[in-house]
Amino acid sequence: GGKVLLDYLIEQLEKTGIEIYYLLDKRVENKHPVIKLGNKVQYIKGGLLSKHRFYQANGDSFQKILCFANFPPDIRVKGIVYTYFHQLLFIKAAAELSFFTRLLIRLKVAVFKWSVKNSDYWLVQSNEVKSALSAKFKGIVASQVLVLPFYPPLITVTDVGRKKHSFLYVSTGHPYKNHERLLAAFVHFFNEHKIGELHLTVGPDFADLYKRIVNLQQTGYPIINHGFVERSHLGAIYRASEFVIYPSMAESFGLGIVEAIENGCKIIGSDLPWLYAVCEPSLIFESESIESIYLALHKAVTEDVKLSRQLIFSQVEQILNLLK
């Protein structure tokens, strides 16, 4: 999701007359939109030390700085600093994370707290994130936090038939995405109703979850795993699905929710604040309860379910105006 937003932001910035110096992670070299010759780009290895050295050498050279990966500079610079924050795990780490991951997050949060004073403004994707951010971290006041969600449009596909009783979850396989409970609930649902399909987008890099999905497929459950899906093909997958189900335990935005509604899907999601910040869902469930997820699936095929309503829309132009 973050790479999708980064690419879209670069595309939009390159359409402006702003003189830009891009500092990008080495991992995206040759994997991002074209940057015109008038702008500069530098690639560094990810890590706090690399960024610290850059800001020490160049931090006072810019009128405005947009930090896109949650962290402001670790030193104070002369220009106006905008930090785009979209990591809710800094606010509340999900219980499903491993001990090592939770420890790593604690260390990152410690660095984050140290750096908070170095950002003039914070950009977030929803009012829910705004409230949580200013409540969690001293030094961030609500007036500094601007709610400016943005996302690229999907390629619209119209000649795809929507399959009745089809459920789609567009997500990676990280533990807080809650696939295990979703799979258990779908198994229960299919055993009871003998109808429906569950579509997933989990790659083989999530080995244990991927193996679990393959085992269920081999047992005969109608689970279709598309693996990693190029963005150009996502529109067709949404258009073919009746419901998008989102059991995630923590989201700063939930881009898949917005994309799903814009492509005519009904949303079944976790009864958590992040969901209501994005939409009025068709059905909800308790994300920690397999039985609750099952009941939502049951209602989806036995009741006349209302349409979902989108509450957030892209404001990329407002972000560009801040940087001009």
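Q: How many residues apart are Lys3 and Asp7 in helix H1, and what does that spacing amount to?
A: This is a predicted model, so take everything here as read from a prediction. Lys3 and Asp7 are four residues apart in helix H1, which means about one helical turn separates them. Their side chains meet in a salt bridge, at 2.8 Å from N to O.

Q: Are Lys3 and Asp7 buried or exposed?
A: To read this, look at the relative accessible area: under 20% is buried, over 50% is exposed, and partly exposed is in between. Lys3 has 33% relative accessibility, so Lys3 counts as partly exposed. Asp7 comes in at 18%, so Asp7 counts as buried.

Q: How many salt bridges does the structure hold?
A: The structure holds nine. Another one of them joins the side chains of Lys26 and Glu29, at 3.2 Å from N to O. Here Lys26 is partly exposed with a relative accessible area of 45%, and Glu29 is partly exposed too, with 27%.

Q: Which residue forms a salt bridge with Arg231, and where do the two sit?
A: Arg231 pairs up with Glu259, and their closest N and O atoms are 2.5 Å apart. This pair links distant parts of the chain: Arg231 belongs to helix H7 (residues 231-239) and Glu259 to helix H8 (residues 255-262), with their positions 28 residues apart in the numbering. Arg231 is partly exposed, at a relative accessible area of 21%, while Glu259 is buried, at 4%.

Q: Next, helices with a buried side. Which residues of helix H11 are buried?
A: The idea is to find the buried residues, then check where they point around the helix axis. In H11 (residues 316-323), the buried ones are Val316, Ile319, Leu320 and Leu323. They cover an arc of only 100° around the axis, so they sit on the same side of H11.

Q: And what do the buried residues of H11 pack against?
A: Their partners are helix H1 (2-13), strand E3 (64-67) and strand E4 (80-84). That's the helix H1 we started with, where Lys3 and Asp7 sit.

Q: Can we try that reading again? Which residues are buried in helix H4?
A: Sure. In H4 (residues 127-136), look at Val129, Ala132 and Leu133, which are buried. Looking down the axis of H4, you'd find these buried residues within an arc of 100°, so they line one face of the helix. They pack against H3, strand E5 (121-124) and strand E6 (145-147).

Q: Which exposed residues does H4 carry on the face turned away from its buried side?
A: That face carries Asn127 and Ala135, both exposed.

Q: Now the outside of the model. Which residues make the nonpolar surface patch of about 550 Å²?
A: For a patch like this, you look for nonpolar side chains that show at the surface. Here Phe99, Phe100, Leu103, Leu104 and Leu107 make the patch. Take Phe100 as one of its members: you'll find Phe100 in helix H3 (residues 99-115), and with 60% relative accessibility, Phe100 counts as exposed.

Q: How many disulfides are there?
A: The way to check is to find pairs of cysteine sulfur atoms within 2.5 Å. The count comes to zero. Take Cys265: the closest cysteine sulfur, in Cys279, is 12 Å from its own sulfur, which is too far for a bond. Cys279 is in no disulfide either, since the nearest cysteine sulfur is that of Cys265, 12 Å away. As for cover, Cys265 counts as buried at 4% relative accessibility, and Cys279 counts as buried at 1%.

Q: What about loops? Where does Ser282 lie?
A: Ser282 is in the loop between strand E12 (279-280) and strand E13 (283-285). Ser282 is buried, with a relative accessible area of 9%. Setting aside neighbours within four places in sequence, Ser282 is in contact with Lys266, Ile267, Val305, Lys306, Leu307 and Ser308.

Q: How far apart are Ser282 and Gln56 in sequence and in space?
A: To answer this kind of question, you compare positions along the chain with positions in the fold. Ser282 and Gln56 are 226 residues apart in sequence and 50 Å apart in space, C-alpha to C-alpha. For another pair, Leu49 and Asp74 are 25 residues apart in sequence and 9.6 Å apart in space, again C-alpha to C-alpha. Leu49 is in helix H2 (residues 48-58), and Leu49 is exposed, with a relative accessible area of 51%.

Technical notes: Residues are numbered from 1 along each chain as its sequence is written. This is a predicted model: local features need pLDDT of at least 70, side-chain atom pairs count only at pLDDT 80 or more; totals for chains, interfaces and linings use all residues. Side-chain values use heavy atoms; hydrogens and water are left out. Buried means under 20% relative accessible area, exposed over 50%, partly exposed in between (1.4 Å probe, protein chains only). The arc is that of the directions from the helix axis to the C-beta atoms. Contact means heavy atoms within 4.5 Å. A salt bridge is a side-chain nitrogen of Lys or Arg within 4 Å of a carboxyl oxygen of Asp or Glu. Patches are made of residues with over 30% relative accessible area and no salt bridge: like charges are joined within 9 Å, nonpolar side chains (Val, Leu, Ile, Met, Phe, Trp, Tyr) within 5 Å. Accessible areas come from the Shrake-Rupley method with a 1.4 Å probe; for residues, only the protein chains shown count as cover.
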